[in-house]
Amino acid sequence: FILGVVFLASALFILTFGHLHEDAYILFQYSKKLALGQGIVFDEVSGPTEGATDFLWMATLAFMHYLGLDFGSAAALLNSVGFVLISYVILKLCEKFDWRAFSGLLLILFSGGFAAALGGFSTLSYGGFIMLFGYSVIQKKYKTLSALSLVIPLFRPDGVLLVLGGVLTAFIGATKEERRALFHHLVPVVFAGIGYFFWRYNYFDSILPLPLLVKAKTDTLLAGLGSNFDSLKLHLLLLIPFILLFVKMGIKGVKWFEYFAFVLGPFFLLLALSFAHQSQNVGGRFQFPIILAFIVIFVLSTRDIKISPKVFFVVPLICCMLGAKDIRKEAYYLTNNDYIN
C-alpha cells in the first residue's frame with residue numbers, strides 16, 4: 001500500500017508540473033470519445049478506428065472519466081492499484097517480509113514499468129493482473145485463473161500469449177480431476193473471447209488488432225531483437241541465483257511448475273517481440289511482463305538455494321541503481337519545456 005501511494009504521489013507530481021506521453025494522450029482521446037457516447041473513434045468524421053492498443057484500459061478510463069475523474073489522475077490511480085497487486089504477489093511468494101521481498105519490491109520501484117506508468121501508460125496496472133494470474137496458476141485457483149484469462153488479453157492483445165503460457169502450465173501441472181475443473185472454468189472464457197473477436201471484427205473491419213498489424217511491418221526478420229536486449233540486458237543478472245541453483249540441484253531439484261507459471265507466457269511474448277517493430281517502447285514497457293518474470297525467478301531461486309543467499313542482494317541493487325537513472329531521465333523528459341506538445 002505504501003508503494004502504491006509512492007507511485008500515486010509521483011504520478012500526481014508529473015501531472016502537476018509536467019505532462020504525459022503523446023501516445024498516452026492518443027488513448028485518452030479515444031477514452032474521451034467513448035465516455036461521451038461517440039464510440040471508439042478519434043474524431044467526429046473518421047469513424048471507428050482501432051488506435052487504442054489497450055482496449056480494457058481505454059474502456060476503464062472512459063468509465064472513470066464518465067464518473068467525473070480526469071484521465072491522468074484515473075491512470076495514476078489504476079497504476080497505483082496495479083503496483084499494490086504486484087507487491088502483494090511478491091510478498092506471498094516470499095511468505096514473509098525479508099531481504100528477498102525487499103529486493104523484489106525495489107526492482108519494481110526502479111523499473112521501466114514504473115517509468116512508463118509515470119507517462120500515463122498502463123504498465124503497472126497490466127503487471128498487477130499478470131502477477132495475480134501467475135499466482136493463481138501455482139495456487140490452482142481456477143476461477144481466478146479463468147477470469148484473468150479473459151481480462152488480460154482484453155487489456156492488451158499480447159496478453160493472449162501470456163495467458164496461453166499460464167494455461168498450458170496449469171494443465172501440465174494438474175491432476176485429471178483438476179484438468180476437468182480447469183476445462184469447465186475456461187469454456188465460458190473461450191466463448192466470451194470468440195464473441196469479442198466477432199464484435200471487434202464487425203466494429204473495426206479488421207481480423208487482427210491494428211497495433212499488431214502496424215508493429216508487424218518491419219524491414220528485417222528480427223527487428224525487435226535489439227530492443228529486447230537493450231530492455232532486458234541488466235535484468236539478466238537476476239538469473240544468476242537460478243543458474244547456480246540449477247548447477248547445484250540439477251533438473252530434478254528445481255520446482256519447475258512454480259517457475260513456468262510466471263515464465264512460459266513471458267517467454268512466448270519475448271519470441272513475438274523479437275519479430276516486432278517496437279515503436280513507442282517507452283521505458284521498455286513492452287518487455288515489462290518479461291522483467292516481472294525475471295524478478296519472480298530471482299525471488300524463487302534465492303528461496304531455494306542454500307549458498308549464502310543474502311550475497312545476491314547486490315544483484316537487484318545494481319539493477320535498481322541503473323533503473324533510478326532511467327526514471328530520472330523519464331521524469332525530466334515529462335517535465336521539461338522542450339516537449340513536442
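Mentor: Let us begin with a definition: two residues are in contact when they have heavy atoms within 4.5 Å of each other. Please keep in mind throughout that this model is predicted.

Trainee: Which elements do the buried residues of α13 pack against?

Mentor: They pack against α14, which spans residues 256-273, and against α15, which spans residues 288-304. The buried residues of α13 itself, a helix that covers residues 240-249, are Pro241, Phe242 and Leu245.

Trainee: What puts these residues on the same side of α13, or on opposite sides?

Mentor: They cover an arc of only 95° around the axis, and that places them on the same side of α13. It also helps to recall that an α-helix has 3.6 residues a turn, so residues three or four places apart point the same way.

Trainee: Which residues does Ser301 touch, leaving aside those up to four places away in sequence?

Mentor: Ser301, which lies in helix α15, touches Pro241, Phe242, Leu245 and Tyr259 when residues up to four places away in sequence are not counted.

Trainee: How do you know whether Ser301 is buried or exposed?

Mentor: The relative accessibility of Ser301 is 0%, and the word buried applies under 20%, so we conclude that Ser301 is buried.

Trainee: Why is Phe191 called buried or exposed, whichever it is?

Mentor: The relative accessible area of Phe191, a residue of helix α10, is 61%. Exposed begins over 50%, and therefore Phe191 is called exposed.

Trainee: What makes up the nonpolar surface patch?

Mentor: The patch of about 1,100 Å² is made by residues including Phe191, Ile194, Tyr201, Leu210 and Val214. The elements that give two or more residues to this patch are α10 (176-204) and α11 (210-215), and α10 gives the most, with six residues.

Trainee: Why is Val160 called neither buried nor exposed?

Mentor: Val160, found in helix α9, has a relative accessible area of 47%. Buried needs a value under 20% and exposed one over 50%, so Val160 falls in between and is called partly exposed.

Trainee: How do you know whether Cys319 is in a disulfide?

Mentor: The nearest cysteine sulfur to that of Cys319 belongs to Cys320 and is 6.8 Å away, whereas a disulfide requires two cysteine sulfur atoms within 2.5 Å. We conclude that Cys319 is in no disulfide, and a search of the whole structure finds zero disulfides. Cys319 is buried, with a relative accessible area of 5%, and Cys320 also counts as buried, at 7% relative accessibility.

Trainee: What makes the phi of Asp205 worth a remark?

Mentor: Most residues other than glycine have a negative phi. Asp205, however, has a positive phi of about 55° although it is not a glycine. Asp205 is found in the loop between α10 and α11, and with a relative accessible area of 62% it is exposed. Gln280 is another residue other than glycine with a positive phi, near 60°, and its place is in the loop between α14 and α15.

Trainee: Why is the pair of Asp23 and Arg285 called a salt bridge?

Mentor: The distance from N to O between their side chains is 3.9 Å, and the rule asks for a side-chain nitrogen of Lys or Arg within 4 Å of a carboxyl oxygen of Asp or Glu, so the pair meets the rule and is called a salt bridge. Asp23 lies in helix α2 and Arg285 in the loop between α14 and α15, so the pair ties together parts that are 262 residues apart in sequence. Arg285 counts as buried, at 13% relative accessibility, whereas Asp23 is partly exposed, at 24%.

Trainee: What do Glu258 and Arg303 tie together?

Mentor: The side chains of Glu258 and Arg303 meet in a salt bridge of 2.7 Å, N to O. Glu258 lies in helix α14 and Arg303 in helix α15, so this pair ties together parts that are 45 residues apart in sequence.

Trainee: Which residues are joined into one network by salt bridges that share partners?

Mentor: Asp54, Arg156 and Asp158 are joined in this way. Within the network, the closest N and O atoms of Asp158 and Arg156 are 3.2 Å apart, and both of these residues are buried. By the rule we have used, the count comes to ten salt bridges.

Conventions: Residues are numbered from 1 along each chain as its sequence is written. This is a predicted model: local features need pLDDT of at least 70, side-chain atom pairs count only at pLDDT 80 or more; totals for chains, interfaces and linings use all residues. Side-chain values use heavy atoms; hydrogens and water are left out. Buried means under 20% relative accessible area, exposed over 50%, partly exposed in between (1.4 Å probe, protein chains only). Helices (H or I, at least four residues) and strands (E, at least two) are DSSP runs, numbered from the N terminus. The arc is that of the directions from the helix axis to the C-beta atoms. Patches are made of residues with over 30% relative accessible area and no salt bridge: like charges are joined within 9 Å, nonpolar side chains (Val, Leu, Ile, Met, Phe, Trp, Tyr) within 5 Å. Accessible areas come from the Shrake-Rupley method with a 1.4 Å probe; for residues, only the protein chains shown count as cover.
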